[in-house]
Structures are given as structure tokens and as C-alpha cells.
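Open the model in your viewer and keep the sequence panel beside it. The stops below say what to select and what is there.

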Amino acid sequence: MDIQGENFSETCRSKSIDKTTYKTDELNTEKRGDNVLRNESMEFLVKYRDRVYNIQNFLNYHPGGKITLERLKDQALDKELAKNPHSKSAYYLLEEFAVQHQERYNEYENLINWNAPILWQVGYMGDRYWEWVNLPVNRPIRYFQSEILEILSVTPWYVLPIVWIPVFMYFLYMGYMLNFSTNIVTTVQNILPPFVLGLFIWTVLEYFVHRKIFHFKPPHNSKFLITMHFMFHGSHHKAPLDGRRLVFPPTLSLFVALVVWQIYKSIFPLTIVYLVAAGTVIGYLSYDLIHYYLHNGAPLAGSYLYTMKRRHNYHHFVHHEQGFGVTTELWDRILKTNLSLRKLNEPLKW
């Protein structure tokens, strides 16, 4: 039987909760004052299998949309989850929000010390790393003990356009100057194809880097490859709600860009190399900003980004080996790694 309403709210806030009995807090409501009201506004309590969860901090990240959950406040979820089965990852993540008597998930979260930087710990997990990294938690991940290195490893989203738009403008300007003509039609014909080629190259890179490098399963006996995998992408799957690690730090991406630029100069003629690079840079910038938005934004139903957000949520919580495209599903369709999204009775609202 679903437990809901005021009685459920009181039992959820009790000091002593076990699997069968919930004792209400006997403090006088009037004496609680503003502090308690403020605490209650920060609670969104639900119950599942006789355990209570405060999912307030998960509402905006729920793959099924915030609106889907709002009607379930102070209710038991058993019947709802029976009707709408969730993945192992989803149930695992739910344990992060348990109110009391939270058991340790299992032996996996005991493999590392979460109170210390974990980048150098993951390599010792061996053959248990792969399952551990694909079971999500709601925790910030610290890589380094050094504050300087740690700061350099995280990036606010707005840093990306500050860094990359000037780079894009430089490449575009140089390409324009090398292809300028007094005839505007000729100029456009000279500029547009190599620029589009650069965008196209980015879509290929986005798909294959994500699929073949980011989702490469490191050998269980290689501490180095496990550590590299975790640093480049594994940490994002382990903590998908950690907004500090949703975009690539320029300290790393600028180095990669220099390598790619040297390859471009060896492949393409001078007349088009800057334009190809401009297309690739704007493709990369779009990728990282869209990726951030897919995790934090609320695209309207029917829009392109609405579909991409649903696909990306499936990639994180249901099918880790499908849906590698973030800006486009072109290569997923061509190479048969596309996701089949469940048909909905009504659109999701985040």
C-alpha cells in the first residue's frame, strides 16, 4: 500500500527508522520555526522497499524528467517502479539518496577510499574496475591531492567559448584571407566546402574517440590504462551528476589540438587547412557545450536536443555500449550502435 501525505512526511523525518516501524518526531511544530521549514523545503522524500530516500538533489537530473517525479512526493515507489522497470545503474544511484540506515552498496564502493583523491587508486581495482566505473554515484570526484592540479582538472562550461572562439576566429580569418576574392560568390565557394569538411571530420572524431578510446575496456592487469581510462572518461560515467567534469579542461584539449593541427598541416594544402581547422574547432566547441547542456538543460519536447538528451541518458544509465554520438546520431545509425528510445505517452519535462 502506498504511504503518502502528512503521515508519510513525518515518518520520513523521524530519528529512528527501521524496515517495519517509523516513529514520528515529537518536537512541537511551532517551536521548529523557520529552520525546520527551510529543511523541509529541501526535502523530497520517497519510499522504496521500506527504505526512505531524499531525492531533492536528483530531481533536475532525473532522465525521465522532473515533472515525472513531482507527483510522487511523500509516496512509495514500489508500484511505480514495477510498472516502469529501471536499469541496474538507476537503482544503484538511488542508494546515494537514502536517508538513514544506508547500507554500503556492496563490496565495490569499499575498493577505494572516497575521502582521498581517487585517480591513483582506481588502477588497483583490477578486474573489478569495469563494473565499478559503470555503477554511478552522486559524489564529486577528486583526482589530485595538489590543489593546483585539481583546479586545472575541472572546468566551468563558460571557459570553453572564452578559449576556443578566439582560436576559431583566427583560423577562419586566416582561411578567409587566403581565399579572398572580389567576387563574393567565388569567396563563398572557396570557403564553405573546406569549412564543412572540418565539421564532418569532427563528427567522425567524436564518434570514434568516444567509442574506441573512451569506452575501451582497459586490461585488468594494467594500472596505467585503467588510470588513463578513468581520467579521460570513466570518471564521467562513475559520477555523471558531477557538473565540474562535463567539459574538457583546456589544459588537455589545447595540447590535443596542437597535435591535430600538425597532422592537418601535413595533409591539407595551405589554401584550405585553416578553414578545415576552423570547422573542426567549432565542431568540438559545439560538442562540449551540447554535452554540458544535455546533462543540465531542459530542451523542449520535439526539439533536436530533446531527442539527443534522451539518447544520452540512455547511454549513461541503460546502454553504455550504444549511443556514442553527442551532437549527431549519424554514425550510430550507420554503424548500428543507435539507441531505440521507448515510446512515451506524454513528453518528458525537465
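**Stop 1: helix H11**

Select residues 250–267, which make up helix H11; at 1.5 Å a residue its 18 residues should span 26 Å, and the end C-alpha atoms lie 25 Å apart, which agrees. The expected span is 1.5 Å times one less than the number of residues in the helix. Helices (H or I, at least four residues) and strands (E, at least two) are DSSP runs, numbered from the N terminus.

Before going on, note that this is a predicted model, in which local features need pLDDT of at least 70, side-chain atom pairs count only at pLDDT 80 or more, and totals for chains, interfaces and linings use all residues. Residues are numbered from 1 along each chain as its sequence is written, and side-chain values use heavy atoms, with hydrogens and water left out.

Now colour H11 by burial, where buried means under 20% relative accessible area, exposed over 50%, and partly exposed in between (1.4 Å probe, protein chains only). Which residues of H11 are buried? They are Pro250, Ser253, Trp261 and Tyr264. These residues cover an arc of only 85° around the axis, which puts them on the same side of H11. The arc is that of the directions from the helix axis to the C-beta atoms. Turn the helix over: the face away from the buried side carries the exposed residues Phe255, Leu258 and Ser266.

**Stop 2: what H11 packs against**

Add helix H8 (159–178), helix H9 (184–214) and helix H12 (270–296), against which the buried residues of H11 pack. Contact here means heavy atoms within 4.5 Å.

Zoom in on Trp261. Leaving aside neighbours within four places in sequence, Trp261 is in contact with Phe171, Val273, Tyr274 and Ala277. Then pick Thr280, which is in helix H12. Thr280 counts as buried, at 9% relative accessibility. Not counting residues up to four places away in sequence, Thr280 touches Gly198, Leu199, Ile201, Trp202 and Tyr264.

**Stop 3: the nonpolar cores**

A nonpolar core is a set of buried Ala, Val, Leu, Ile, Met, Phe, Trp, Tyr and Cys residues joined through side-chain atoms within 4.5 Å. The largest has 25 residues, and those with the most contacts inside it are Phe171, Trp261, Tyr264, Tyr284 and Tyr287. Which elements give two or more residues to this core? They are H8, H9, H11 and H12. H12 gives the most, with 10 residues. A second, separate core of 20 residues includes Val122, Trp130, Trp132 and Ile226.

**Stop 4: the annotated segments**

An unreviewed UniProt entry lists residues 148–171, 191–209, 246–264 and 270–287 as "transmembrane region". UniProt positions are given in the numbering used here, feature names are shortened, and annotations may be inferred rather than shown by experiment. Select 148–171: the chain there is 79% helix and 0% strand, with end C-alpha atoms 31 Å apart. Over 270–287 the chain is 100% helix and 0% strand, and the end C-alpha atoms are 26 Å apart.

**Stop 5: His215**

Go to the loop between H9 and helix H10 (223–238), where His215 is found. Is His215 buried or exposed? His215 is buried, with a relative accessible area of 8%. Show its surroundings: leaving aside neighbours within four places in sequence, His215 is in contact with Trp130, His210, His229, His233, His237, His315, His320, Glu321 and Phe324. For a distance check, His215 and Gly234 are 19 residues apart in sequence and 8.2 Å apart in space, C-alpha to C-alpha.

**Stop 6: the hairpin**

Select strand E1 (residues 45–48) and strand E2 (residues 51–54), which pair in the antiparallel sense over 4 bridges. Two strands pair if DSSP finds at least two bridges between them. The bridge partner of Tyr48 in E2 is Arg51. E1 and E2 form a hairpin with 2 residues between them, and Arg49 in the turn has a positive phi of about 50°. Asp50 lies in the loop between E1 and E2; although not a glycine, Asp50 has a positive phi of about 65°. Most residues other than glycine have a negative phi. Asp50 counts as partly exposed, at 36% relative accessibility.

**Last stop: Lys336 and the whole chain**

Lys336 lies in the segment after helix H14 (330–334). Lys336 is not a glycine either, and has a positive phi of about 60°. Lys336 is exposed, with a relative accessible area of 73%.

Zoom out to see the 14 helices and 2 strands of the protein. Of its 350 residues, 45% count as buried.
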